[in-house]
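Reader: I should like to examine this structure through a series of specific questions. Please state the criterion behind each term as it arises.

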Amino acid sequence: MAKAAKKSKKPVVAMIEFSRSRDIPFNRIHLSKDNVRETDVEAGLDDLTHDIDRREDIVQGLNVRAILDADGNETGDFETPAGGRRHRAIARLVAAGRFPEDGLVPCLVKKANAKTSAVDDSFAENMWRLALHPLDQFRAFKRMFDDGMTREEIADAYRTTPRYITQRMRLASVSPRLLEVYARNGMPLAMLEAFTVNPDHARQEQVWEAAQRSYNVQPWQVRQFLTETTVPTDDKRVLFVGVEAYEQAGGAMLRDLFSENDGGWLEDVALLDRLVSEKLKTIADEIAAEGWKWVSVDIDPPYGHDHSLRVMTGAAVDLTDNERAAREALREEYDRLEAEYSEADELPDEIDQRLGEIEAALEAFEQRPVIYDPDEIARGGVFVSIDRDGELIVRRGYIRPEDEAPIDAEGREVDGASDPVGTDAGIVGNVQRAVITIGGQSAEPEEDDEEDVIKPLPERLVTELTAHRTLALRDAVGANPQVAMTALLHKLVRDTFQRTGTSGASLQASVNHVFFREQGKDLGETSYAKSIAQRHEDWKADLPADEDALWDWLTALDDASRLALLAHCVSYGVNALYERPNPYSGNGVSQSGLDRRMAEADRLARATGLDMVEVGFRPTVENYLGRVTKPRILAAVREGAGERAAQLIDHLKKGDMAKEAERLLADSGWLPEPLRLVEQDEPATSGEGDEALPAFLADDDEPSDDEDEVLHVVAAE
């Protein structure tokens with residue numbers, strides 16, 4: 001019989017037996033000399049004591065060993081080699097009367113046959129302790145908040161500030177995908193903080209993907225990407241109206257909890273602009289009550305907006321005796337403080353602040369109100385704007401050329417020849433009603449006109465459109481030496497042989513640079529404006545610095561370069577700008593002069609082959625469509641994109657209609673009337689005589705018998 005195979009015996013493994021826990025009176029537990037924490041043992045004890053006190057419990061018991069007598073018997077007392085900080089914290093609570101001296105403390109009592117020493121236990125407890133990952137801290141604060149604790153309670157519990165808790169909870173709210181990247185150390189904490197400015201997870205992930213494809217993207221760039229459609233709180237518009245007013249109006253904010261100045265961004269730009277306009281309108285109404293003919297409000301006044309305007313002279317209001325005394329007292333205080341601290345390397349903060357306050361107060365004394373002649377006020381106007389710090393700027397006392405009083409042959413003003421109020425302003429009783437414009441647009445509320453009447457274009461809009469054409473013509477002439485030479489020769493021959501006046505000519509041989517007092521915000525960004533500026537800078541870089549050397553330099557130029565430079569210089573004399581005709585000589589341009597200017601501008605456009613569509617002009621809400629009536633918008637779409645396109649938008653409100661029209665006309669090649677090239681057999685004006693108007697300014701209604709109404713119908717809208 002076969003013998004059964006013997007089974008191999010497995011080695012017997014000794015099973016682990018843990019030490020037991022028990023509650024021990026605190027007065028029987030003592031600090032152990034074997035505790036390895038010997039440096040700065042009091043560090044953090046305030047926080048630990050506070051935590052035990054507020055929860056009225058300990059999270060982890062003490063690790064103790066029985067104290068033996070000389071014979072090796074237990075004495076009933078214990079020492080704690082691991083848990084010395086907890087022991088010290090409990091001792092503080094005992095001293096404060098918050099815990100009884102013999103109160104029971106949960107302890108892990110080391111077994112008698114322990115294999116490790118007390119030093120080993122103490123070292124192991126501190127060595128293998130792992131701090132939380134910061135992400136776990138963020139999430140823990142969020143969970144406590146969700147469970148009902150307030151930010152203040154959490155902050156008090158963990159000895160920090162509510163702001164710190166808010167910051168950490170905001171970090172926990174970042175896209176889970178980005179939190180996972182942070183958990184794998186794929187981005188630094190500063191980068192994660194940057195993503196908190198925008199709560200949109202999809203946008204956060206989009207920006208992170210873009211950052212991965214870029215080199216060395218910094219947190220400030222991430223903030224910029226996440227807030228690119230918003231307005232920062234340091235924008236002058238925000239400083240002007242205030243964040244509080246914006247939020248009270250229902251505006252949403254993006255906050256940067258990690259910036260030193262608690263910065264943020266305003267999301268509702270349209271609401272912000274409305275609040276700014278409303279506040280400026282209120283201020284403009286108060287100024288208008290002073291009797292001015294016009295008040296021009298513009299957050300960013302265009303360059304040269306006051307060019308060619310006469311500055312009114314007035315008398316500053318004298319200081320009162322009390323004001324003089326206050327001013328002298330401030331000067332004496334300033335001199336005394338300066339002398340007292342003249343030897344100091346650095347002024348104390350309070351002294352530096354006081355000197356600044358005195359300087360501001362003295363400056364205020366210098367800014368005295370000015371009294372103007374009432375007759376001048378009736379002709380003059382005021383510019384209202386905002387500086388970079390959001391402070392209001394009011395500049396009174398400017399008179400436009402067309403508002404100047406007519407002068408007779410002997411240089412005296414002609415009484416009654418011109419109403420100083422003009423046709424832009426109304427009269428209510430004996431008080432002039434000023435024309436208030438904000439950003440070039442009438443401040444009066446615009447009705448959503450449902451009539452099918454195509455009203456005349458606003459005069460300012462025509463001026464802005466012809467500013468585009470003027471710059472485009474300058475660029476075209478500057479790039480065409482042959483046309484420039486012909487234009488210059490034409491002007492010189494006419495002046496030499498015909499002795500015609502220069503009023504209204506589209507080319508001034510003296511090259512008088514025409515500034516655009518009224519211009520759209522997009523003018524400086526056009527291709528033709530940039531082309532002129534670049535050409536000018538290129539020539540400027542080549543010109544000799546010494547004016548005496550200019551002749552020799554010009555003489556040495558080859559013919560092609562001379563012609564190119566001539567064309568550039570001549571182009572600066574091009575003026576195709578529409579402006580209101582003035583029937584009185586000496587101020588502005590006459591109707592016949594304006595007609596000649598426009599006709600010559602068309603001739604230059606034909607000679608250079610200028611096409612405003614080809615050079616990049618497109619009708620937009622800002623430069624045209626948002627500035628005209630609904631019938632004009634529909635007429636433009638009908639003409640540029642067809643009847644079907646016009647029917648698709650004819651039910652919309654004006655704002656939405658203008659936006660859709662911009663999209664429909666973008667690639668249609670359609671141009672507003674002032675930018676079109678008038679055919680040689682097409683009349684440039686309507687009506688007869690010197691009061692004739694361009695067709696796009698003439699009213700479609702029956703002409704009035706009153707010449708003044710015909711002349712000023714341009715302001716009907």
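Reader: Over how many bridges do strand 1 and strand 5 pair?

Author: This is a predicted model, in which local features need pLDDT of at least 70 and side-chain atom pairs count only at pLDDT 80 or more, while totals for chains, interfaces and linings use all residues. Residues are numbered from 1 along each chain as its sequence is written, and side-chain values use heavy atoms, with hydrogens and water left out. Helices (H or I, at least four residues) and strands (E, at least two) are DSSP runs numbered from the N terminus, and two strands pair if DSSP finds at least two bridges between them. Strand 1 (residues 20-25) and strand 5 pair in the antiparallel sense, and the count is 6 bridges.

Reader: Which residue of strand 5 stands opposite Val64?

Author: Strand 3 (residues 62-68) and strand 5 pair in the parallel sense over 3 bridges. On the strand 1 side, Arg20 has Val109 as its bridge partner in strand 5. The residue opposite Val64 is likewise Val109.

Reader: Is Asp23 buried, exposed or partly exposed?

Author: Asp23 is found in strand 1, and its C-alpha atom is separated by 9.2 Å from that of Gly103, 80 residues apart along the chain. Buried means under 20% relative accessible area, exposed over 50%, and partly exposed in between (1.4 Å probe, protein chains only). At 48% relative accessibility, Asp23 therefore counts as partly exposed.

Reader: Which residues form the covered face of strand 5?

Author: Strand 5 (residues 104-109) has two faces, and the uncovered one holds Leu104, Pro106 and Leu108. The covered face consists of Val105, Cys107 and Val109.

Reader: Which strands stand at the edges of the open sheet with the order 6-8-7?

Author: This open sheet has 3 strands with antiparallel pairing. Strand 6 and strand 8 (residues 264-266) pair over 2 bridges, and Pro232 has Trp265 in strand 8 as its bridge partner. An edge strand has a single partner strand, so one side of it is left without a neighbour in the sheet; this applies to strand 6 (231-232) and strand 7 (253-255).

Reader: Why is the pair of Phe138 and Tyr182 classed as it is: is it stacked or edge-to-face?

Author: Rings of Phe, Tyr and Trp (its six-membered ring) pair if their centres lie within 6.5 Å; planes under 30 degrees apart count as stacked, over 60 as edge-to-face and the rest as tilted. By this rule the count comes to 7 aromatic pairs. In one of them, the ring centres of Phe138 and Tyr182 are 6.2 Å apart and the planes are at 15 degrees, so the pair is stacked.

Reader: In which helix does Tyr182 lie?

Author: Phe138 is buried, with a relative accessible area of 1%, and Tyr182 is also buried, at 6%. The pair links distant parts of the chain, 44 residues apart: Phe138 belongs to helix 4 (residues 134-146), and Tyr182 to helix 7 (residues 176-183).

Reader: What is the angle between the ring planes of Tyr624 and Trp670?

Author: Both residues, Tyr624 and Trp670, are buried. They lie 46 residues apart, Tyr624 in the loop between helix 22 (591-608) and helix 23 (630-641), and Trp670 in the loop between helix 25 (654-665) and strand 19 (685-686). Their aromatic pair is tilted, with 5.5 Å from centre to centre and a plane angle of 55 degrees.

Reader: Over which ring does the charged end of Arg400 sit?

Author: A charge sits over a ring if NZ of Lys or CZ of Arg is within 6 Å of the ring centre and within 35 degrees of the ring normal. Lys279 provides one such contact, its charged end sitting over the ring of Phe240 at 4.4 Å from the centre. Ring pairs also link Trp294, Phe383 and Tyr398 into a cluster. The charged end of Arg400 lies 4.0 Å from the centre of the ring over which it sits, that of Trp294.

Reader: How many charged residues are in the lining of the second largest pocket?

Author: On a 1 Å grid over the protein atoms alone, a cavity is a set of points where a 1.4 Å probe fits but cannot get out, and a pocket is an open set with protein on both sides within 12 Å along at least five of seven lines; lining residues have an atom within 4 Å of a point. The second largest pocket is lined by 23 residues, of which Leu48, Gln60, Arg85, Arg86 and Arg129 lie nearest its centre. Ala, Val, Leu, Ile, Met, Phe, Trp, Tyr, Cys and Pro count as nonpolar, Asp, Glu, Lys and Arg as charged, and the others, Gly among them, as polar. The lining divides into 6 nonpolar, 6 polar and, as the charged count, 11.

Reader: What is the volume of the second largest pocket?

Author: Helix 1 gives the most to its lining, with 5 residues. Grid points are joined across faces, edges and corners, and a volume is the space filled by probe spheres set on the points. For the second largest pocket this volume is about 700 Å³.
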